[in-house]
Amino acid sequence: MTIQDVARVAGVSAATVSRVLNGRSSVDADMASRVRQAVADTRYVPNSNGRALRRQVSDVWAAIVSDVQNPFFTGMVASLEAVAAQRGLSVMLCNTDEHVSRERVYIQTAIAQRMAGVVIAAASAKQSNLTPLIAAGIPVVVVDRRVDSYAGDTVFVDNYLAGRLAAEHLMQMGYHRIACIAGPSEVSTTEERLAGFRDALAKGKNPVSSSMVRRANLRPEGGEVAMRGLLASAHRPDAVFATNGPLTVGAYRAIQAEGLAMPHDIALVGTDDDQWTRMVVPGVSVIRQPVAEMGALAAELLLSRGSTSHSAPQHIVLDPELLVRASSAAQPGAAAAR
């Protein structure tokens, strides 16, 4: 069915049908009712591609994330989508799987389909390139991870503070051999959390050695391998900080597999308040990120950028929160024993 078919059934012009479908208030109420009934009778579905060509923009946002299996990103996109739905927009979820090459493909797709905006958690601070989106006039909001070459709208967590909170808490609980499981160096969140962690330990006269920092891919398997390496080392840590959600999963699995008790044998502070961290025994202490707030703010920035394209970029930084549970509690006499 075409718009002309709807117009014929309703007994109006195609232009009138178009005005009703686009929510124009200038159409007589009775006439608009006839058009809506004709749309229902003919089962007419607007051609979104055609509308995009005419309006030079679609009603779709792209959410380009680096790992769709990470609950942090799915939670953020759910919040983004909730705001989009209120404004009659849809969200296309794109998973780069931490590959810059796949990210480039999704960026070109967003340009080709004239998307109304893009929210992106980039695969690499140095290699990701958002210039094509900017050149195409598509509003962009960068979330979670920095892109060195980008100076536009951003929504981040204070990752330096996240690392500092974890280190300070473990020191306060009486732990001394504190390790860190971190992701690849090209990911800005990793470097900022590690910097905060290192600086807090140094300030507490408890500097971390290079052997106590293990790099891993940002998957549970990577966290598990890194944790096993720490547990097998000559100077086994008495506490560990995992810098993202999947790494926390891997670290927990490795500790459990070794038959170690938390926090008596080793303490754990993870990242992201995922449901499982509250369900296991002991519960896992975590650095909670304001995931839902990040998604909602990114959506509001996109909506704002669509109407004020020449305003100055906005840079929003949200504070993380330390949630203390049993996995990092101080044991009686722990400080003296260590």
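Which residues point one way from β9, and which the other way? Let's work up to that one and a few more.

Before we start, this is a predicted model, where local features need pLDDT of at least 70, side-chain atom pairs count only at pLDDT 80 or more, and totals for chains, interfaces and linings use all residues. Residues are numbered from 1 along each chain as its sequence is written, and side-chain values use heavy atoms, with hydrogens and water left out.

**Exercise 1. Sort the residues of β9 by the way they point.**

Step 1: Find the strand. Helices (H or I, at least four residues) and strands (E, at least two) are DSSP runs, numbered from the N terminus. β9 covers residues 267-271.

Step 2: Split it. A267, V269 and T271 point one way, while L268 and G270 point the other way.

Step 3: Check the cover. Five of the five residues of β9 are buried, where buried means under 20% relative accessible area, exposed over 50% and partly exposed in between (1.4 Å probe, protein chains only).

**Exercise 2. Place β9 in its sheet.**

Step 1: Read the order. The open sheet has six strands, β7-β6-β8-β9-β10-β12, with mixed pairing; two strands pair if DSSP finds at least two bridges between them.

Step 2: Look at the edges. β7 (213-215) and β12 (321-323) each have a single partner strand, so one side of each has no neighbour in the sheet. From one strand to the next, the twist averages 15°.

Step 3: Now the partners of β9. Three bridges join β8 to β9, and the two run parallel; V240 stands opposite L268 in β9. Three bridges also join β9 to β10 (residues 285-288), again parallel, and there G270 stands opposite V286.

Step 4: Add the helices. α8 (residues 159-172) packs on the sheet, touching β6, β8, β9, β10 and β12, and its direction makes about 165° with that of β8. α9 (residues 188-203) packs on the sheet too, touching β6, β7, β8 and β9, at about 170° to the direction of β6. For angles, axes are lines fitted to C-alpha atoms, for helices over the stretch in contact, and angles run from 0 to 180 degrees between N-to-C directions.

**Exercise 3. Find the largest nonpolar core and the residues with the most contacts inside it.**

Step 1: Know the rule. A nonpolar core is a set of buried Ala, Val, Leu, Ile, Met, Phe, Trp, Tyr and Cys residues joined through side-chain atoms within 4.5 Å.

Step 2: Count. The largest one has 45 residues, and I181, F197, M227 and L268 have the most contacts inside it. Its largest share, six residues, comes from α8.

Step 3: Zoom in on F197. Beyond its neighbours within four places in sequence, F197 is in contact (heavy atoms within 4.5 Å) with residues including G163, A167, C180 and F241.

**Exercise 4. Describe how α2 meets α3.**

Step 1: Use the axes. Those of α2 (residues 14-21) and α3 (residues 29-42) come within 10 Å and cross at roughly 90°.

Step 2: Name the angle. That makes α2 roughly perpendicular to α3; angles under 35 degrees count as roughly parallel, over 145 as roughly antiparallel, 65 to 115 as roughly perpendicular and the rest as oblique.

Step 3: List the residues. T16, V17, V20 and L21 in α2 meet M31, A32, V35, R36 and V39 in α3.
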